[in-house]
Amino acid sequence: MFRHMQNSEIIRKMTEEFDEDSGDYPLTMAGPQWKKFKSSFCEFIGVLVRQCQYSIIYDEYMMDTVISLLTGLSDSQVRAFRHTSTLAAMKLMTALVNVALNLSINMDNTQRQYEAERNKIIVKRANDRLELLLQKRKELQENQDEIENMMNAIFKGVFVHRYRDAIAEIRAICIEEIGIWMKMYSDAFLNDSYLKYVGWTMHDKQGEVRLKCLTALQGLYYNKELNSKLELFTSRFKDRIVSMTLDKEYDVAVQAIKLLTLVLQSSEEVLTAEDCENVYHLVYSAHRPVAVAAGEFLYKKLFSRRDPEEDGILKRRGRQGPNANLVKTLVFFFLESELHEHAAYLVDSMWDCATDLLKDWECMNSLLLEEPLNGEEPLTDKQESALIEIMLCTIRQAAECHPPVGRGSGKRVLTAKEKKAQLDDRTRITELFAVALPQLLAKYSVDAEKVTNLLQLPQYFDLEIYTTGRLEKHLDALLRQIRDIVEKHTDTDVLEACSKTYHALCNEEFTIFNRVDIARSQLMDELADKFNRLLEDFLQEGEEPDEDDAYQVLSTLKRITAFHNAHDLSRWDLFGCNYKLLKTGIENGDMPEQIVIHALQCTHYVILWQLAKITDSSSTKEDLLRLKKQMRVFCQICQHYLTNVNTAVKEQAFTILCDVLMIFSHQIMSGGRDILEPLVYTPDSSLQAEMLNFILDHVFIDQDDDNNSADGQQDDEASKIEALHKRRNLLAAFCKLIVYTVVEMNTAADIFKQYMKYYNDYGDIIKETMSKTRQIDKIQCAKTLILSLQQLFNEMIQENGYNFDRSSPTFSGIKELARRFALTFGLDQLKTREAIAMLHKDGIEFAFKEPNPQGESHPPLNLAFLDILSEFSSKLLRQDKKTVYVYLEKFMTFQMSLRREDVWLPLMSYRNSLLAGGDDDTMSVISGISNRGSTVRNKKTKPATGKRKLPEAEESSSSDSMWMNREQTMHTPVMMQTPQLTSTIMREPKRLRPEESYMGVYPMQPEHHQPPLDYNTQVTWMLAQRQQEEVARQQQERAAMNYVKLRTNLQHAIRRGTSLMEDDEEPIVEDVMMSSEGRIEDLNEGMDFDTMDIDLPPSKNRRERTELKPDFFDPASIMDESVLGVSMF
């Protein structure tokens, strides 16, 4: 081929023989063998040049031929050729750069030898050696010039055009290789003429290409000797690199931060303070690789420098150690970032690069306990709080060895080295803070924030060390401090921290259990006695409790509730006390809000602990009956508090009710626990109604936009988010009761109908509830969906009356909601067949439920609901459409069938939606013809893939008779008979308009089998047939004119409002068959695909470019009898 054909002819022949439609070629195919092929292909090019570098590449044939062919192929319109040739050319260029580098080194050596020989005195100088060196240098120079010509040909012929190719993979190859050239042969390539291509490509739309740019630059900035050549590039493209730290592709952002770290190490003056701040805040990123890279940048910038004066104090520890100032710097940075709730994220970001600093707990402890040295500025209150929080996060990270919540994908398996380091760290933590923690608690006992963090430290102790290290006296000191804190504080966070600390220390596996258990029991005895005593005084008749008594009761109740969360306090019989308190609140109605909330919570804990005891151990029947009685009484109390005037009390009662109903539902017997059957509690209808009303009144509400002041805007937004989060939790709790069939499924109708209105706030919860309920009972779920639409329809009637406008936003919104409901049924119609049929049945009954008082000549009052119901018609199977149509006719009178006024349009539209695809096989015929057309186009002998095949006349006539017999079995008042089909070939029926399908264009008569006709009779019959077809055509034209008028009225009567979630949706007039665009949109929405519009050029191979064939998928081509050889109606 090379001997007899030019490159252009070779490329043309390759293009013609290549199967471009396949789209696969070795460089893009998946699998290890193809990856190995690609690497071997690249290696082959390098080995080829390396083996030929001394002679063959200079023969002016091989390299010229290869470069010329690759240059031509790289400009091909065939992607496979362009991709493969570009890769080969770039690898060839890399190999040539390596050869050029070796030539340059040899030339320098030769020149140095020549200069050394020439500088010798004449006596010692060897003239023949000088001539040899001159000859060698000349030869090397010629070779280098030739190599440079080859490289210029590849660079200008391939790289300059392909670095901006339409295919991202090709662009990435070019950028990756030019980075290698600049790093390998910096003297020739590391200049602005080549660097500009990398700088420009950093703006590429594809993350893969941007990533190659950054990795190429990292290789250059890593070598500090090259920094001087990168100064202009850095000043020009620094802003772009900084902005790439926020790239949407996380891999690109990580490499951008690493590149800035290298720039920072090369020259600190290059990056401004603003540039550094843009990277600093990324230590709080939820994506761990980005945060770790930013943490390394932060450490290099602020913590890696050490003053020469500190070299003499390296051996000191604590406050005078080298890390003291660095710890203070970390605290200052944390406070200035103003993200005080994210200390764990900051610690995790710097954990890999600053482990020694973050594990210097002796230094942190001394900064908190020891007095400042002379001239040293003490830490402020905020700085101490920040230091305690950071210290807690470092201890947690060392003890748990996994990132904080929100970072990473769960816990990973630790290696043996990591496990050993974990055990060593826990030992260090325990030995240090077992002694220091009581001192820290004593110093900060009145500060709730500091105490809350400090009390979490014992959770990470190795409790065995208290015994082995003889630290019992420090344990006693810790227990005394915790007791004092419980007595001083009423803050819920502090009390819960104390409760968790007791729970961590009360571990029966360790010998300290008895000591801690005694202290805990003494504390609870005092609290229970105090609560009973205060409660008697507080509930005395005839006396109004003052605020001081209420505060004492509340503070004691808070302490008991906090401890009851983690500890079993059943022996103190707290149910009776709380029951008295709550019952008095119901009777008097003046109980303080917080007392009621904590009393409800405490009683809830009492019931749960009793259930846990009954479940874990063998219990008596009396225990079960007592728990059953207490649980039901408690549910009644919570139901009473659902009507309380205070919102916080109602929310607490509702949340606890949801939990109790869920726990004591029929699920309690799962796992073979049939003994708990007496405890099963099913809420009655009144309780279900009250809980549903609570959801409607407190969840489905609009946001208050009153506080929009500039000063409090941020706080207002935060409070709105928090309130929304609370409402979502309330809705989720109630939906869980629906999903687990604790409450009746039809209660979900009031929630489903809010799907569109509150989609942004609760759409995910409601959609998931629909999905789960459908899995439980498809039919009941469908009945619930149609019930929700009926409720919305009735609400609209109550507001606007029966003479409402069907183009109003309210009605359009209900119809759009129905469409959304229909999409949730998915694409498998067989699975949802019964549910959809039941939905239509209920909808039809509702539409005809209320007859019009003015008589049968007027439509039923709810007839417009059929317009909404038609949204579900596309989900019916064809045979089910006939069944539903027959069921619809049971409610229709003959007069209804003849009505054509606007008020009857919903009935007409619904009937048309049921007739679509049900009375004829139009879609099947067209699909079959289309497939036949496609076989002509592809010139292949595949059978048609349509639903109905029409190759022989016998099949057509039998098919005709089957459909005619089916039509004769249906006695429709409006349907007139279809004309007799006398042709032996099944003809393509015209696409009838909605109204033509029931206006009787072709009356049908029974088919009569006639004997064969002679020639004259056939001619007479053909003339009569043509007359009959002419009459039929005139009838069709009149019907079409009527349809145009009717469609105009439909456009005025039936309009869709703008969707709540589809901003640019245009009004759609419902037709018998859905448009193809509507079907595609609905399919995409039903499958929840994330789609993206991509404009691709049409794929044509060379043969198609030279001779374009007719498009048999075009409607005009389908209707052309000459193309298909099939006569059409």
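Tyr502 is buried in this predicted model, because its relative accessibility is 1%, and a residue counts as buried when that value is under 20%. Its ring partner, Phe563, is also buried, with a relative accessible area of 0%. The two rings form an aromatic pair whose centres are 5.7 Å apart and whose planes stand at 50° to each other, an arrangement described as tilted. Since Tyr502 belongs to helix H23 (residues 492–505) and Phe563 to helix H25 (residues 547–566), the pair ties together parts of the structure that are 61 residues apart in sequence.

A second pair offers another arrangement to look at. The ring centres of Phe575 and Tyr579 lie 6.2 Å apart and their planes meet at 10°, so this pair is stacked. Both residues sit in helix H26 (residues 574–588), where they are four residues apart, which corresponds to about one turn of the helix. Phe575 counts as buried at 10% relative accessibility, whereas Tyr579, with a relative accessible area of 28%, is partly exposed.

These pairs belong to a wider set, for a search of the whole structure finds 36 aromatic pairs. Elsewhere in the chain, ring pairs join Phe155, Phe159, Tyr163, Trp181, Tyr185, Phe189, Tyr194, Tyr197 and Trp200 into a cluster.

From the rings one can turn to the way helices pack. Two packed helices are described by the angle between their axes and by the distance between those axes. Helix H4 (residues 79–118) and helix H5 (residues 127–162) pack at an angle of about 155°, with their axes 8 Å apart. The two helices are therefore roughly antiparallel to each other, the cut-off for that description being an angle over 145 degrees. H4 passes H5 in a left-handed crossing, and the residues that make the contact between them comprise 22 nonpolar, nine polar and seven charged.

Helix H17 (residues 361–369) and helix H18 (residues 381–400) cross at roughly 155°, and their axes come within 11 Å. That angle makes H17 roughly antiparallel to H18, and H17 passes H18 in a left-handed crossing. On the side of H17, the contact is made by Trp361, Met364, Leu367 and Leu368, while H18 contributes Glu384, Leu387, Ile388, Met391, Thr394, Ile395 and Ala398. Sorted by class, the residues of this contact are nine nonpolar, one polar and one charged.

Notes:
Residues numbered from 1 in each chain as written. Predicted model: local features only at pLDDT ≥ 70, side-chain atom pairs only at ≥ 80, totals over all residues. Heavy atoms only, no water. Axes fitted to C-alpha atoms, helices over the stretch in contact; angles between N-to-C directions. Parallel < 35°, antiparallel > 145°, perpendicular 65-115°, else oblique. Left-handed = near helix turned anticlockwise from the far one by under 90°. Nonpolar A, V, L, I, M, F, W, Y, C, P; charged D, E, K, R; others polar. Contact = heavy atoms within 4.5 Å. Phe/Tyr/Trp six-rings, centres within 6.5 Å; stacked < 30°, edge-to-face > 60°. Buried < 20%, exposed > 50% of the residue type's maximum accessible area, 1.4 Å probe, protein only.
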